[in-house]
Amino acid sequence: MRRTPIVGVAAVAMAVVLAGCASQDDTPGTPSPATSSSSPAFPDPSQFSTPSSGVVAEDDEGSEYTISPGPVPEWDDASQRAALDAATAAMRAFAQPDLDYDTWWSKLSPLLTQQAQQDYAYVVPANIPVREVTGNGELVDKESAFVGHVEVPTDVGTYTVIVIRADGASPWLVSRFTPPEGVH
């Protein structure tokens, strides 16, 4: 008596099952009954309600509150000056390696985004190579009214300070200090 391998039997069984699932009308290019040419390509907008002016969110205790969008920022002279001032002030606070950690951090942390606060929280001020801002910052990238790249001259070369803001009413905050090439 000859034995058929299990793999062969499984393959034949699978082919029979799949053949039974396919209908005679399922040919490539033929639309199924659910997609007739009389149904709209997009949903009817009148069946939806208009959104509220803010986003409703829920806090950890289950209370709801509304998050309203802030004003759209513009790249006017005041915004550019504020971006330069924020970058320069933060660079001056950063460039103080002689301070003890608590004093240094209390000056620097309010000028940083939340993410930057996490990124720079473990920096040891004594390890910072820069000691002094030596000139005025220059806004070198202003493609977005939400992000500015400011080059700030220092005693070890030009740092690039990235400042961001959430909206037109929010302050500029530093998200990154990038030292000059070769300086760590």
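Okay, let's start in the middle of things: Val161 stands opposite Phe177, which belongs to strand 6. Keep that pair in mind, and keep in mind too that what you're looking at is a predicted model.

Now look at Val161 from its other side. Which residue of strand 4 is its bridge partner? It's Val150, with Val161 sitting in strand 5. And Val150 comes up once more, since it is the bridge partner of Leu139 as well. So if you want a path across the strands, click on Leu139 and go to Val150, then step from Val150 to Val161, and finish by going from Val161 to Phe177.

Let's put the strands around that path. Four strands form an open sheet, in the order 3-4-5-6, and the pairing is antiparallel. Strand 3, residues 138–144, and strand 6 are the edge strands; each has a single partner strand, so one side of each has no neighbour in the sheet. On average, neighbouring strands here are turned by 20° against each other, ignoring direction.

Going pair by pair, strand 3 and strand 4 are antiparallel and share four bridges. One more partnership to find there is Asp141 with His149 in strand 4. These two strands make a hairpin, and two residues sit between them.

Next pair: strand 4 covers residues 147–154, strand 5 covers 157–164, and eight bridges hold these antiparallel strands side by side. Here, too, we get a hairpin, and strand 4 reaches strand 5 through two residues.

Last pair: strand 5 and strand 6, where strand 6 is residues 173–178. They're antiparallel, with five bridges.

Now zoom out a bit. How many helices and strands does the protein chain have? Four helices and six strands. Reading from the N terminus, the order of elements is α-β-β-α-α-α-β-β-β-β. Of the 184 residues in the chain, 26% are buried. And if you take contacts between residues at least 6 apart in sequence, 45% of them join residues at least 24 apart.

What lies across the sheet strands? Helix 2, residues 77–94, lies across strand 3, strand 4, strand 5 and strand 6, and runs at about 120° to strand 5.

Follow the chain out of helix 2 and you get to Ala95, in the loop between helix 2 and helix 3. Is Ala95 buried or exposed? Its relative accessibility is 4%, so Ala95 counts as buried; the cut-off for that is under 20%. Leaving out residues up to four places away in sequence, Ala95 touches Val130, Arg131 and Glu132. Arg131 is a nice one to check on screen: along the chain, Ala95 and Arg131 are 36 residues apart, yet their C-alpha atoms are separated by 4.7 Å.

Another loop residue is Thr113, between helix 3 (101–108) and helix 4 (114–120). Thr113 has a relative accessible area of 10%, so it is buried. Who does Thr113 touch, setting aside residues up to four places away in sequence? Ile164, Leu173, Val174 and Ser175.

Then there's Val123, in the loop between helix 4 and strand 3. Val123 has a relative accessibility of 22%, so this one counts as partly exposed. Apart from neighbours within four places in sequence, Val123 is in contact with Tyr101, Trp104 and Ile128. From Val123 to Tyr101 is 22 residues in sequence, and 8.5 Å in space, C-alpha to C-alpha.

Val123 also takes us to the last stop, the largest pocket. The residues lining that pocket are Phe94, Tyr120, Val123, Asn127, Ile128, Pro129, Tyr159, Phe177, Pro179 and His184. Spot Phe177 in there? That's the residue Val161 stands opposite. The space in this pocket comes to about 150 Å³. By class, the lining has eight nonpolar residues, two polar ones and no charged ones.

That's my tour. If you want to retrace it, start again from Val161 and Phe177, then look for Phe177 in the lining of the largest pocket.

Conventions
Residues are numbered from 1 along each chain as its sequence is written. This is a predicted model: local features need pLDDT of at least 70, side-chain atom pairs count only at pLDDT 80 or more; totals for chains, interfaces and linings use all residues. Side-chain values use heavy atoms; hydrogens and water are left out. Buried means under 20% relative accessible area, exposed over 50%, partly exposed in between (1.4 Å probe, protein chains only). Contact means heavy atoms within 4.5 Å. Two strands pair if DSSP finds at least two bridges between them. On a 1 Å grid over the protein atoms alone, a cavity is a set of points where a 1.4 Å probe fits but cannot get out, and a pocket is an open set with protein on both sides within 12 Å along at least five of seven lines; lining residues have an atom within 4 Å of a point. Grid points are joined across faces, edges and corners, and a volume is the space filled by probe spheres set on the points. Ala, Val, Leu, Ile, Met, Phe, Trp, Tyr, Cys and Pro count as nonpolar, Asp, Glu, Lys and Arg as charged, and the others, Gly among them, as polar. Axes are lines fitted to C-alpha atoms, for helices over the stretch in contact, and angles run from 0 to 180 degrees between N-to-C directions.
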